[in-house]
Amino acid sequence: MKKTFFLLIALLITQLIFAQQFVPNYDESKVPKFVVPDPLVTFNQKKVKNVKDWEKKRRPELLKIFTQNMFGEIPGDLKILSVEILEQSENAYNGKAKRKQVLLHFEKNGKKLGFTILLYLPKNVEKAPLFLGYNFYGNHTVANDADIIISDAWVENNPSFGIINNQLTEQSRGVRSNRWAIEKMLESGIGLATIYYGEVDPDKNDFTDGIHPLFYTDDQKHPAKNEWGSIAAWSWGLSRAMDYLVTDSDVDVSKVIVFGHSRLGKTSLWAGATDQRFAAVISNNSGCGGAALSKRKFGETVGRINTAFPHWFCDNFKNYNNKEELMPFDQHEMLALIAPRPLYVASAEDDQWADPKGELLGAYYATPVFNLYGKKGITITELPPVNQPILNTLAYHIRTGKHDVTEYDWEQYIKWAKEQLNIE
Ligand code: GTR
């Protein structure tokens, strides 16, 4: 009895400490003073003077530090075993598109995994530029299209989409069509390739499913401290999708724009940083661990994200829980890894959790690297007026509204992508 009482008290105290630690700060005057690491000075204090220094010295050391301390190393190589065209049609999306559903098979150490890419390609374009991005609730949620195959992978329950028992059903067909301006893309001569992220790695703190176990040796149950979390696994999946796309004669592989929202925006940034075949990158409301500077500790923080989602990053990243000031890097340097390729960072006014100002500053402090290549970036340190995009190579906007992907966002992305990648 006494023991239970003390245990309860201990539990209460731990919870209180936890709650206090993670009260998010939304007050600009309480943002701590911090030093922004200079992307153009190496860890040995050598000034990066030109593109060569950047590409030969600084970029590789930054890529390494993000890999080892944040997203995690991929423990080996794995190529597509086989490609299976599950379905295709010359007459999809009210006759405006070709559709393909392509299943990629993988196998390693006797274990298997497969994920399906849904492609809509504009009919009147011989080799189409593409937006490539993950969806949160299955390919069949992105359009009201009866022919999209429903995934049987694990999914987070969402009763408002009719998702119970962690299973996708017919009920959720088209429920996320508002987040994908497919019509607008097709009219602009750009296609869409999308994948349900849960097929690559289910979004839960469980490393016995998804892609991770294919790389385990013996009775391993978890990646090592410096090895990949789920975000690196998802971005690995985008690179494997790219491996397929380069073989698809309907696609212009020099114009694949990797896109993602929120956790999947963190993913698109990491995919763009690690795989230079992506011609451009879009981060929609990616926030903490994405485009926002961690050292500001505004909204979601490193400690909070690593506690709520312990599987997203590698375990080494937890060393910086509530110790952002000790980080020898910050998110602007991840954005800089994408230079000189076009990069769009987008925020939403009511999405303070993702720290819009921190996202703007991420772009601002990445800009010197873009400038090194003669490309324009972001030169302001105060948020611009809402709905007034800055469409440079490194682009930024803050729109009205909440954490979401809207028609407005897509209008900007399409306009910018067309300009940046010379899409007719
Ligand atoms: C939130 C998380 C954010 C963001 C978001 C999302 O709960 O704290 O970092 O990733 O989820 O992915 O929708």
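Start at the ligand: by class, the shell around this molecule has 4 nonpolar, 2 polar and 3 charged residues. The model on screen is predicted.

**Stop 1: the ligand and its shell**

Select the ligand, then Ser262, Arg263, Lys266, Glu300, Ile305, Phe309, Trp312, Trp353 and His403, which are the residues around it. Now show the side chain of Arg263: one of its N or O atoms is 2.5 Å from an oxygen atom of the ligand. Glu300 is the next side chain to show, with an N or O atom 2.5 Å from a ligand oxygen. For Trp353, the distance from a side-chain N or O atom to an oxygen of the ligand is 2.9 Å. On its own the ligand has 320 Å² of accessible area, and the protein covers 80% of that.

**Stop 2: the largest pocket**

Where does the ligand sit? It sits in the largest pocket, which holds about 400 Å³ of space. To find the middle of this pocket, select Phe136, Ser262, Arg263, Phe309 and Trp312; of the 24 lining residues, these lie nearest the centre. Coloured by class, the lining of the largest pocket shows 9 nonpolar, 7 polar and 8 charged residues. Ser262, Arg263, Phe309 and Trp312 are also among the residues around the ligand.

**Stop 3: the second largest pocket**

Move to Ile74, Trp236, Ser239, Trp270 and Thr274, the residues nearest the centre of the second largest pocket. Its lining has 16 residues, and its volume is about 250 Å³. Next, select helix 2 (51–71), helix 4 (230–245) and helix 5 (263–274): each supplies at least two residues of this lining. Which helix gives the largest share of the lining of the second largest pocket? Helix 4 does, with 5 residues. By class, the lining of this pocket divides into 6 nonpolar, 6 polar and 4 charged residues.

**Stop 4: the cavities**

How many cavities of 30 Å³ or more does a search of the whole structure find? The search finds 3. The largest cavity has a volume of about 90 Å³. To see its lining, select Tyr134, Asn135, Phe136, Thr141, Arg176, Arg179, Trp180, Phe259, His261, Leu264 and Val405. Strand 4 (128–135) and strand 6 (251–261) are the elements that give two or more residues to this lining. In the lining of the largest cavity, 6 residues are nonpolar, 3 polar and 2 charged. Phe136 appears here and also among the residues nearest the centre of the largest pocket.

The second largest cavity has a volume of about 60 Å³. Select Cys288, Ala292, Leu293, Phe298 and Glu300, the closest to its centre of the 13 residues that line it. The classes in the lining of the second largest cavity are 6 nonpolar, 3 polar and 4 charged. Glu300, shown at the first stop, is one of the residues around the ligand as well.

**Stop 5: two backbone details**

Go to the loop between helix 7 (331–336) and strand 8 (343–348), where Pro340 is placed. Select Ala339 together with Pro340: the peptide bond joining them is cis, with omega about 0°.

The last selection is Asn285, in the loop between strand 7 (280–284) and helix 6 (302–308). What is the sign of phi at Asn285? Phi is positive there, about 50°, although Asn285 is not a glycine.

Terms used: Residues numbered from 1 in each chain as written. Predicted model: local features only at pLDDT ≥ 70, side-chain atom pairs only at ≥ 80, totals over all residues. Heavy atoms only, no water. 1 Å grid on protein atoms, 1.4 Å probe; cavity = no way out; pocket = protein on both sides within 12 Å on 5 of 7 lines; lining within 4 Å. Points joined across faces, edges and corners; volume = space filled by probe spheres on them. Nonpolar A, V, L, I, M, F, W, Y, C, P; charged D, E, K, R; others polar. Helix = DSSP H or I, 4+ residues; strand = E, 2+ residues; numbered from the N terminus. Near = heavy atom within 4 Å. Polar contact = N/O pair within 3.5 Å; in protein donor to acceptor, adjacent residues only side chain to side chain. Areas by Shrake-Rupley, 256 points an atom, 1.4 Å probe, with all protein chains shown as cover. Sits in = over half its atoms within 2 Å of the grid points.
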